[in-house]
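Thanks, everyone, for making the time this morning. I would like to walk through some side-chain interactions in the model I have been looking at, so please have the sequence and the structure open as we go.

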Amino acid sequence: MSGTTKQVKKHDARPLTERQLVLMIIMITLPMTLVHSPSDIVQFGQQHAYLCIILVYLVLLICIWLLSRTQRRFGSQNLFQAMIGRRPFVGRVIVGMYVLYYFYILARDARLLTEYVDTTLLPLTPVMIILLCIFVMSGFIIRGGMKSVVSMTEIFMPILILTIFMIPLFVSGALDFHYLTPFFPVDLIGVGNGTWYFFSYAGEIIILPFIFGKETFKLKSAVKGLSFAFFLLVIDIIMMILIIGLPIIPRISYPSHELVRQVQISDILDRFDMFLAAAILPIHMTKVAFNTYVVCYGMGCLDKNISGRMMQGPIILLGYVCAFWFFKDSIQLFKFDREWSAIVLLFTLVMPVLIYLIFRPSKKKKKDGATQNKQSAQNEESQNGPSSQEGESTETEKSTQKAQSAQNESSQRRSSTKKSGNSQNGNAGSAEGS
């Protein structure tokens, strides 16, 4: 019975649509990046901070292309399954490294969200209570698996996208284009430093081909989602520069919240940031739930006896403890971004190249695939051969039938003409006799 239930679950699992995959990529890339990283990018890149985003975008495109090419070698399997199946020891080592990498991201995002809520929304609430509420809500989201994460993303992600597009309309009168000048003199060293700091938050999208198969993770959809997410980042950072100003942004811990506070629709909605934070906060919790899902799924791939669903509670409790153990406060969290970017480059750029070079399908599988292709071609030819012969025989039968019918018609006409001639002769003889 257990085997049948597992088979039914596999058949019921449907791949994500293109729209869902695009929203998932935006959810992974955008919310946590907007919390603090714009202050670091603007501090080094100044008015050319958008160039930092474009450089990171180009590097991530190369990484996604490499991982998608590697994924095509193993059919419908994701990269975690393919690596463990192809090289069990090396594959488990790499999967374990990615599990630890994403566990740190889980603790960092949870602590970053806690500090953000404590500073902007609930300054009188203890930090331990805020973090506990975040992990409890994320635990409820992840109970339904990836379907719950996708559903939450489909509900709340469009609110964030609409907000980013609506902010320029509300603050159009406060734009100061003086902060974007000069346009052409570019500080390459500053742009490079800003790109380095931005990598600490933007390289998390590469985990998708490790947990999704080829049917779900499609290269075209991934490129669309990544392009749209970075386009929204460019719009948001340009709006921060034009409204808040270059000298002020590096001194603010949460510039995106300050940007929203500049929106004053009327006297009643002067605190529009409260409404927006209440609407966007579930997206941040969904991101924490997604991190928890990746860690649990990776541990389930390491050993078949480990259930990823049963590991959700222990992982959440361990993440709750490590969020306070790793970082003393938000300042220590932000200072570690410079060193963390080197680790992100290892898992984002170096590891995909090594995986692409190391993990190749075995020669037996290649020969089996070639023989299967030959057999299928021969079967198609054998099937097409008799069908064509049958078609030719049917055509000849039809032609013979037509010829026979024409001969019968001509014989009938001749007999009819003979009968008519005999009847005329008889009539003439009778007339002469009379």
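Arg-108, Asp-109, Glu-204 and Lys-287 are linked in a network of salt bridges, and I should say at once that this is a predicted model. Within the network, Glu-204 forms a salt bridge with Arg-108, with the closest N and O atoms 2.7 Å apart. Because Glu-204 lies in the loop between helix 9 and helix 10 (208-211) while Arg-108 lies in helix 6, this pair ties together parts that are 96 residues apart in sequence. Both Glu-204 and Arg-108 are buried. The side chain of Glu-204 also meets that of Lys-287 in a salt bridge, at 2.6 Å from N to O. This second pair again links distant parts of the chain, with Glu-204 in the loop between helix 9 and helix 10 and Lys-287 in helix 13, 83 residues apart, and Lys-287 is buried, as is Glu-204.

How many salt bridges does a search of the whole structure find? The search finds eight, and one that I would set beside the network is the bridge between the side chains of Glu-18 and Lys-224, at 2.7 Å from N to O. Glu-18 lies in helix 2 (residues 18-29) and Lys-224 in helix 11, so this pair ties together parts that are 206 residues apart in sequence. Here Glu-18, at 39% relative accessibility, counts as partly exposed, and Lys-224, at 48%, counts as partly exposed.

Staying with helix 13 (residues 272-302), we also find His-284 there, and at 6% relative accessibility His-284 counts as buried. Leaving aside residues up to four places away in sequence, His-284 touches Pro-31, Met-32, Val-35 and Leu-113.

Let me turn to helix 9, which covers residues 188-202: at 1.5 Å a residue, its 15 residues should span 21 Å, and its end C-alpha atoms are 20 Å apart, which agrees. The buried residues of helix 9 include Gly-190, Gly-194, Tyr-197, Phe-198 and Phe-199. As for what the buried residues of this helix pack against, the partners are helix 3 (31-45), helix 4 (49-71), helix 6 (88-120), helix 11 (219-243), helix 15 (330-335) and helix 16 (337-358).

That brings me to the aromatic rings, where the count comes to 24 aromatic pairs. In one of them, the rings of Tyr-98 and Tyr-101 have their centres 6.4 Å apart and their planes at 90°, so the pair is edge-to-face. Being three residues apart in helix 6, Tyr-98 and Tyr-101 are separated by about one helical turn. Tyr-98 counts as buried at 1% relative accessibility, and Tyr-101 is buried too, with a relative accessible area of 3%.

Another pair is that of Tyr-254 and Phe-334, whose ring centres are 6.3 Å apart with the planes at 75°, so this pair is edge-to-face. It links distant parts of the chain, since Tyr-254 is in the loop between helix 11 and helix 12 (255-261) and Phe-334 is in helix 15, 80 residues apart. At 7% relative accessibility Tyr-254 counts as buried, and at 12% Phe-334 counts as buried.

Finally, a ring can also face a charge: the charged end of Arg-73 sits over the ring of Tyr-356, 4.3 Å from its centre.

Methods:
Residues are numbered from 1 along each chain as its sequence is written. This is a predicted model: local features need pLDDT of at least 70, side-chain atom pairs count only at pLDDT 80 or more; totals for chains, interfaces and linings use all residues. Side-chain values use heavy atoms; hydrogens and water are left out. Helices (H or I, at least four residues) and strands (E, at least two) are DSSP runs, numbered from the N terminus. The expected span of a helix is 1.5 Å times one less than its number of residues. Buried means under 20% relative accessible area, exposed over 50%, partly exposed in between (1.4 Å probe, protein chains only). Contact means heavy atoms within 4.5 Å. Rings of Phe, Tyr and Trp (its six-membered ring) pair if their centres lie within 6.5 Å; planes under 30 degrees apart count as stacked, over 60 as edge-to-face and the rest as tilted. A charge sits over a ring if NZ of Lys or CZ of Arg is within 6 Å of the ring centre and within 35 degrees of the ring normal. A salt bridge is a side-chain nitrogen of Lys or Arg within 4 Å of a carboxyl oxygen of Asp or Glu.
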